[in-house]
Structures are given as C-alpha cells and as structure tokens.
Amino acid sequence: RKSSAVADKDLITKTEKGAQKKKQTKLDTNPPKGTRDFYPEDMRQRTWLFSQWRDVAKTYGFSEYDAPVLESESLYTRKAGEEVTEQLYNFVDKGDRAVALRPEMTPSLARMVMAKKGGLNLPLKWFSIPQCWRYERMTRGRRREHFQWNMDVWGVDGVEAEAELLSAMVDFFERVGLTAQDVGIKVNSRMVIGEVLTELGIPEEKFAATCVLVDKLEKVPIDAIQDDLAELGLDRSVVEKLTEVLTNKSIESIASVLGPESEAVKELSKLMSLCKAYGIDEWILFDASVVRGLAYYTGIVFEAFDRKGELRAIAGGGRYDKLLETFGGDPTPAAGFGFGDAVIIELLKERDVLPSFSSADIDSVVFAMKPELYDDAIAIATKLRKAGQSVDVVLEKKKTKWVFKHADRIQSKYVIIVAPDEFANGEVSVKDLSCGEQTSIKIEELNEWVEKTSS
Ligand SMILES: CC(=O)Nc1cnc2ccccc2c1
C-alpha cells in the first residue's frame, strides 16, 4: 500500500485529470489569420463606406455586378512576377480542380464579358465591391483579405474613359470630406516606358514584366531585383535610362525626351485637358514614375496617394486593352480602378473626418410596465414600426430603471412606456431621451407623433 500522502497526491491528480477530461478544449475564438470579424459597430462603418462607393457609382451611371469569390486558378497564372499572383490563395478542391480565392476582380469581370461575347451593348460601366484574398506569409502580419471597390469602363478606347474614372474617384474623396490638399492622384502612361524600351530595342513582350519590375524598383533597392532585370535582358544602361525618364515630373519634360510626336505625350495632354473640364485638375499631377504593379495595364495608369503621410496608395487603376486577348477573347478596350477598404479608413481617421458609428440609430424602445400589458406593448410597437420607426421591444420583464439605462446605452431617441393607468386612458407615456422630458400621448395620435418627430 502507498503511504497516505502519496495516495492523496495520486487522488488529486486523478480528479484533476477527470476534470480536464470533462472540460471541452476551449475554441480559439479568433478569425483565421489575416482576416477580420465585423461586429455591429465595425459593420456600420463598413456599410457607410460601401454606401458612399455605391452612391458615386450610381451618380456616374455605373451598374453593379458580382462574381464568385472562388475562381479557377487559371485566371491568375500570369507570369510577370506580380505580388497578387505570387500570393495566390489557391488550393485543389475535392473535385481535383485548381481553384483560388480571387486576389482581384478584373479577371472575373473579363471572364464575364467574354462569356457574353458580342451579346453585351458596349460601353459597359460596371462596378462591384468584392472581398479579395491573398496568401501572404504572416511574417509581415499584413491582412489576407480586403474589400475593393472596382469601377470599370469597357469598350471605350479614348482617355475619356480614364477621365470619367478619375472624376468618380475625386467625387468619392469630396463626399467623405477629403480635399486636394489631403489627397493627390498621380497620372502617367505606360506608353512612356513603352516608347523608351522600343527606342532601346527591348521587344514588346517584355514590357509588362519590365513595368512590374520598375514598380518594385519604387519600393526596393535595385540590387534586390538585379537578377530579375538581367533575366529580362535589361542591362544597367537600360535601367539607368528608364530611371532617368521616370524622374521627369512634367509632361513638357517628357515631351522633350520622347519627342513631340509621342503618342504617350498626346494622350497624357488630352487627359489633363479633360481633367480641367471636370474641374478636378487640382487633384491631378503627372508623375512619370507611376507604373502600378499589375502586368496587364497598357496605357494610362494612376494612383491616389495621401499627400501628407507615408500611407501606401489609397487606390489605383489604368487602361488594360489587352486583357481579353490574353484570355483568348476579342480585342476590347478597357479601363478601371480598384479602391481598397483599409487605407482609406486609416486616412479618414487621421484626418478626423470619419463619422461615429457607435449607435444603431433606434427611434424608440417600447416597454410593458406590467407583463399583462405585453401584448398591448407589441401592438403599439407594430403601429410605430408601420409608421416607419425603428423600434427595440423590451422582450422580458424588466424594471423601469433597467429600461432607461438600456435605452440610453443604445442611444434610442425615445422610450415608450405602456403603463396601467395611462393605458386605461388610451395613452402611453413617452420619454424624450434628448431632454429627459416625459409626456403622455394618445395611442390613436401615435402616427401624428411619429410624423412630427421624424420631420
Ligand atoms: C492594406 C490592405 O489591407 N491591403 C490588402 C489586404 N488584403 C489584400 C488581399 C488581396 C489583394 C490585396 C490585398 C491588399
């Protein structure tokens, strides 16, 4: 027999184990790495942002579309070293299909246009607010999903399309309280690089990958991509010539480099004059170093940036006339932009122009003072709801003190109390939480009361 001390110890550990066995292992309540939950307050903020985006799209005559978040991986297997394709959130499904969570919306849009072939009346002005995904090693702790407002014009080959898109982008910034002093939009054309590379004898099929590298050059020192450049056959002299051209800060100086007949100069000049016609030229600046990181841009490119901070690009876009052909479709001109939900919210917070979303905008809390009045209380709540009010019904037996505290917490405008004496007189008691005043209202005059208080 073991000594009692040892026996007791064993007994304790046994009961502990027993306890552990019975207790469920605690669920990890965090959402998957790099993703966010939207609690009601977060959701009110997101809904507000999306409704600003939707209002602009409607004002510009754009129609909303959508596509599955899951696409065939083949939509994104471009070989140009882009971040969005290197960080594809892809997997093989149970049907042995190579699929991916979309990293961007434009390829889905191209697939949808191609599916309809000639059946669509061009021009298309379509918008969407898809959640887009990337699989990034969490070393950088960056998000793996975001919502991105997409606006695209298909079937217009003139820079009139880009000018509309820039105007829509500015309209959004103005709606949310930002000015041309807060935000600028850098504009360039990839034809600038195209004309330089052609002059230097670089073949056309290397343009896209060169642009992606030049875009990376903005963020990393040159020796970080030296071998990529070498792989593309871009020797030092080419890179030097390119970087020299890209430091040009005016269309005039670019014109002196590319010559007066340059197509790039012509389209940039035309775009700038259209921006003047829209009255948005104070937002726009030419910057030859802007190339954007997506391989499929072919002409004008642009990106909105925070003039006062280090925030990354707020939004970006450009012309992508060849995308449908890369999918085997007919040549169709297209231009568009993408606008992420994260950077803009940070900027609005910094500029202190983000509205508060703490309350759920409830008009009235309805409360039966006695349980036997509950049926009458929900009849009154229904009357108020049909009159257009948002009503929170107290669903359980509660003390008046709790109800007032609850109404205050949810920032309701009124509390409607169904109490025995008043009810016997065909009245309810209404407390106005903005001033604390309590009055009696005749039940058959509630509709007028709603009218009066909602005007
Ligand atoms: C600032 C931010 O969240 N960016 C972000 C977050 N998630 C993404 C997911 C896919 C593609 C680009 C993405 C970009």
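Here are legends for four close-up views of this structure, which is a predicted model.

**View 1. Met114, a partly exposed residue in helix H4.**
Let's start with helix H4, which runs over residues 106-116 and has Met114 in it. Is Met114 buried, exposed or partly exposed? Its relative accessibility comes out at 26%, and because buried means under 20% and exposed means over 50%, Met114 counts as partly exposed. Now look at what Met114 touches once you skip residues up to four places away in sequence: Leu324, Phe327, Gly328 and Gly329. For a sense of distance, try Ile314 too: Met114 and Ile314 sit 200 residues apart in sequence, and their C-alpha atoms are 30 Å apart in space.

**View 2. Ser167, a buried residue in helix H5.**
Next up is helix H5, residues 160-175, where you'll find Ser167. With a relative accessible area of 6%, Ser167 is buried, since the cut-off for buried is under 20%. So which residues is Ser167 in contact with, leaving aside its neighbours within four places in sequence? There are two tyrosines, Tyr60 and Tyr278, along with Ile280.

**View 3. The largest cavity and the residues that line it.**
How do you spot a gap inside a protein? Rolling a probe the size of a water molecule over the atoms shows where empty space is left. Searching the whole structure turns up one cavity of 30 Å³ or more, and the largest cavity holds about 30 Å³ of space. Its lining is made of Thr210, Leu213, Val214, Leu217, Leu229, Leu234, Val239 and Leu242. Which helix gives the most to this lining? That's H7, with four residues. Helix H7 (207-217) and helix H9 (236-246) each supply at least two lining residues. Sort the lining of the largest cavity by class and you get seven nonpolar residues, one polar and no charged ones.

**View 4. The ligand and the residues around it.**
Finally, zoom in on the ligand. Around the ligand you'll see Pro103, Cys132, Trp133, Arg134, Arg143, Arg144, Glu145, His146, Arg312 and Ala342. Take Arg143 and Glu145 from that list and check which of their atoms face the ligand's own. A polar atom in the side chain of Arg143 lies 3.5 Å from one of the ligand's oxygen atoms. For Glu145, the atom to look at is a backbone N or O, which lies 3.4 Å from a nitrogen atom of the ligand.

Definitions and conventions:
Residues numbered from 1 in each chain as written. Predicted model: local features only at pLDDT ≥ 70, side-chain atom pairs only at ≥ 80, totals over all residues. Heavy atoms only, no water. Buried < 20%, exposed > 50% of the residue type's maximum accessible area, 1.4 Å probe, protein only. Contact = heavy atoms within 4.5 Å. 1 Å grid on protein atoms, 1.4 Å probe; cavity = no way out; pocket = protein on both sides within 12 Å on 5 of 7 lines; lining within 4 Å. Points joined across faces, edges and corners; volume = space filled by probe spheres on them. Nonpolar A, V, L, I, M, F, W, Y, C, P; charged D, E, K, R; others polar. Near = heavy atom within 4 Å. Polar contact = N/O pair within 3.5 Å; in protein donor to acceptor, adjacent residues only side chain to side chain.
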